[in-house]
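Student: Could you walk me through this structure a bit at a time? I'd like to start with one sheet and then jump around.

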Amino acid sequence: MRFRVCSDVGGTFSDLFVFDESNGEWNIFKAFTVPRRPSDGIMAGLRQAADHYGLTLDGFLRDCVSLVHGSTVALNALLEGKVAKVGLICTRGFRDILTTREQGRSEPFLWKTDYPDPFVPRYLTLPVTERVNSEGGVEIPLNEDEVRAAVRQLRDYGVQAIAVALLWSITNGEHERRIEAIVREEWPEVPVVLSSQLNPILREYRRTSSTVVNASLLEVIRTYVSDLQAQLSDNGYARPLSLVTSAGGIASVQDMMERPIYSINSGPSMAPIAGQTTVAMEQGIDNVLVVDMGGTSFDVSVVQDGKINLSREIVMGGCFLGVDLVDSRSVGSGGGSIARVDAGGLVHVGPESAGANPGPAFYGRGGTRPTVSDADLVLGYLNTEAFARGGTPLDPALSAAAIEEHVAKPLGIDVAQAAFTMWSTVNNDMQAAMQDLAISRGIDLRDFVVVSGGGAAGMHIQAMAMELGIRELIIPKAAGVLSAYGGAFADLVKEYSAIAFVESNRFDFAGVNALLASLERSAVAFLDGHGIDAADRRLEYYAEARYPEQIWELPVPLRTGRIADQSQLDALVADFHDIHERMYAVKDPSQPIECLHWKVRAIGATPKPAIRKLPFGGEGADHALKGTRKAFFKDLGGFVDAAVYDGTRLTCGNRIEGPAVIEEPTTTVVVMPGTAMTVSEYGSYVSRFD
């Protein structure tokens, strides 16, 4: 067996990264995403790969060592409301938790704004009598007759899954477990999700929200993954399928089917792994800002001190997901984002996208409104002859007509100026997303290397980087399939957490260490169950802490797996102060801290592609010169002759000076006037700004 494959289903394209272990070479492939059946897009990409290697699809899949897969299927289902009908069983008196949320209205100071509809309608939210206190003691026993009545009522209502979220189940989950047992007796077929097992965190709204979202996605992911597995199996793939998680790792099919909430936005979550891998190979730097501009969105994420930032503040479809996911900012600024002019004469780009069907106007598939990619074509950045491997011809006349009708005429300008206005507008939107994430994480972009990916990013990122004062930019050779590339380097990951409120000035050493030991046993059992060798595993330990009377906590890595004595506690407190200062520019060492949550993250290393280095070829790049074409650069007064290079012929050390265009099979890189791109030993395009 020789091939390692990672696939990623995006809004417009389904991407594949294929590594050939027999020679250390790799290739990337793109196929149009099929929204009605996303697995078809993956199979189309696999057929492209098989054809490239001169194999039948069956022969190619039988020769695969591994297949890792990420997608936006769960995210799309959530955003479109195409999820299962869920019933919720809650503690009596807390039936409206999904309505009141944490701040009620989405705009709490706009009193005319109504409360949003709860994710689970009130008639499907059934309270039962029970009460566990914050210490885990039973104040009111569970009324089992009410539970049975609730289950029967939910069955009559035709729910497809049941979520159980009781008030203090995080300190004592016995009542939730008993409810699950009763459901099994009354209605064995229906799936059940317990909040105390899925997401044992403080703050009952987020815990409840994550539980009902997870329950709603069970059937979505089961159906999708089963269909993908069946297609793979029918065509010769006989090894286990691994699925990308939105927490920055991979999981087994069984794990993901139980916790499908971790599949939301799973594809884009691999972008920071790709960025981290790229910079680690090239330079060994720990601080990376990763951007990924695909067909429908622009995603920004951070690797800080060698760690991918996670967040529990992610909101999707109006719901707080409440679980640790890769901290990413997304805006509707992709190659397929549609431009429009409002009544005041202002240009807006996105978030509406042309998607895979009909796609940009230049495809001639029925799209009549101008997209960012149409603007890129009119500006001379895209090659009209072929695009996105497969040789799809592009028609610039269709792009020009769409831009003229919807942007140029309303603004009273020519088509080229209108296209440049679209290009500038989408750049500003993407820059704002980068700044937003930087500000929220307390980082200075000038201290970070930017890694850029996505099929459309190369035509925009250099101008944006200079505007933001970024000092170094890297565009990987596999930028066109950045997330799929990252998935090939992802490790097996699962997190275990529990709540234990302790204060540093009266710390419960025995209780905390017993809790950490329990979480550690679960993590070790997980790695044992997946057959991970001792040399390929590691455990990471965290506390979530805050100053007294603060609302939100910050994750603090523990230096050791236990807090054995006062010196180790002092180290935890000192680390918290430093992290707080980095995030909020203030700290108070005189204050004690409160720790609420404790986590153990199990990581099992997977075999990684050994990417081959390119031979050094000197600075000269004339051997890769294809010719010139007219491209628009405002600083040079409009259209000028720009050199066009074949990226597949460039090698280590080659230097491209702007204005120029570098064409790769699945992406295009624009080198701005007065700048240069140098090819690294791994084929990345590196630009440094003084």
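Student: Okay, what is the bridge partner of A660 in strand 33?

Tutor: Before anything else, keep in mind that this is a predicted model. The partner of A660 in strand 33 is V671, and the two strands that meet there, strand 32 (residues 660-663) and strand 33, pair in the antiparallel sense over 4 bridges.

Student: And what order do the strands of that sheet come in?

Tutor: The order is 29-30-32-33, with 4 strands forming an open sheet whose pairing is mixed. At the edges are strand 29 (625-633) and strand 33 (668-671), each of which pairs on one side only. Going from one strand to the next, the twist averages 30°.

Student: Mixed pairing, hm. In which sense do strand 30 and strand 32 pair?

Tutor: Strand 30 and strand 32 pair in the parallel sense, over 4 bridges, and one place to look is V644, which stands opposite V661 in strand 32. Strand 29 and strand 30, by contrast, run antiparallel and are joined by 8 bridges.

Student: What stands opposite F633 in strand 30?

Tutor: That is G638. Close by in the numbering you will find G637, which takes a positive phi near 95° in the hairpin of strand 29 and strand 30, where 4 residues lie between the strands.

Student: Why is strand 30 described as largely enclosed by the rest of the structure?

Tutor: Strand 30 covers residues 638-646, and 7 of its 9 residues are buried, so the strand is largely enclosed by the rest of the structure.

Student: Where do side chains point in a strand, in general?

Tutor: In a regular strand they alternate between the two faces of the sheet.

Student: Switching topic: is S39 buried or exposed?

Tutor: S39 is buried, because its relative accessible area is 0%, which is under the 20% cut-off for that label. This residue lies in helix 1 (residues 38-52), and, leaving aside residues up to four places away in sequence, S39 touches Y224, D227, L228 and Q231.

Student: What about T99, which class does that one count as?

Tutor: T99 counts as partly exposed, because its relative accessibility is 22%, and the partly exposed class runs between 20% and 50%. You can find T99 in helix 4 (residues 97-100). Its C-alpha atom is separated by 8.2 Å from that of F119, which is 20 residues apart from T99 along the chain.

Student: How many cavities of 30 Å³ or more are there in the whole structure?

Tutor: A search of the whole structure finds 5, and the largest cavity has a volume of about 170 Å³.

Student: Which residues lie nearest the centre of that largest cavity?

Tutor: They are T245, R259, Y262, V493 and K494, out of 13 residues that line the largest cavity. The elements giving two or more residues to this lining are helix 9 (253-258) and strand 25 (492-503), and strand 25 gives the most, with 3 residues. By class, the lining has 6 nonpolar, 1 polar and 6 charged residues.

Student: Last one: how much space lies in the second largest pocket?

Tutor: About 1,300 Å³ lies in the second largest pocket. Of the 47 residues that line this pocket, the closest to its centre are I308, N309, L310, R441 and P555. The lining of the second largest pocket divides into 19 nonpolar, 8 polar and 20 charged residues.

Technical notes: Residues are numbered from 1 along each chain as its sequence is written. This is a predicted model: local features need pLDDT of at least 70, side-chain atom pairs count only at pLDDT 80 or more; totals for chains, interfaces and linings use all residues. Side-chain values use heavy atoms; hydrogens and water are left out. Two strands pair if DSSP finds at least two bridges between them. Axes are lines fitted to C-alpha atoms, for helices over the stretch in contact, and angles run from 0 to 180 degrees between N-to-C directions. Buried means under 20% relative accessible area, exposed over 50%, partly exposed in between (1.4 Å probe, protein chains only). Contact means heavy atoms within 4.5 Å. On a 1 Å grid over the protein atoms alone, a cavity is a set of points where a 1.4 Å probe fits but cannot get out, and a pocket is an open set with protein on both sides within 12 Å along at least five of seven lines; lining residues have an atom within 4 Å of a point. Grid points are joined across faces, edges and corners, and a volume is the space filled by probe spheres set on the points. Ala, Val, Leu, Ile, Met, Phe, Trp, Tyr, Cys and Pro count as nonpolar, Asp, Glu, Lys and Arg as charged, and the others, Gly among them, as polar.
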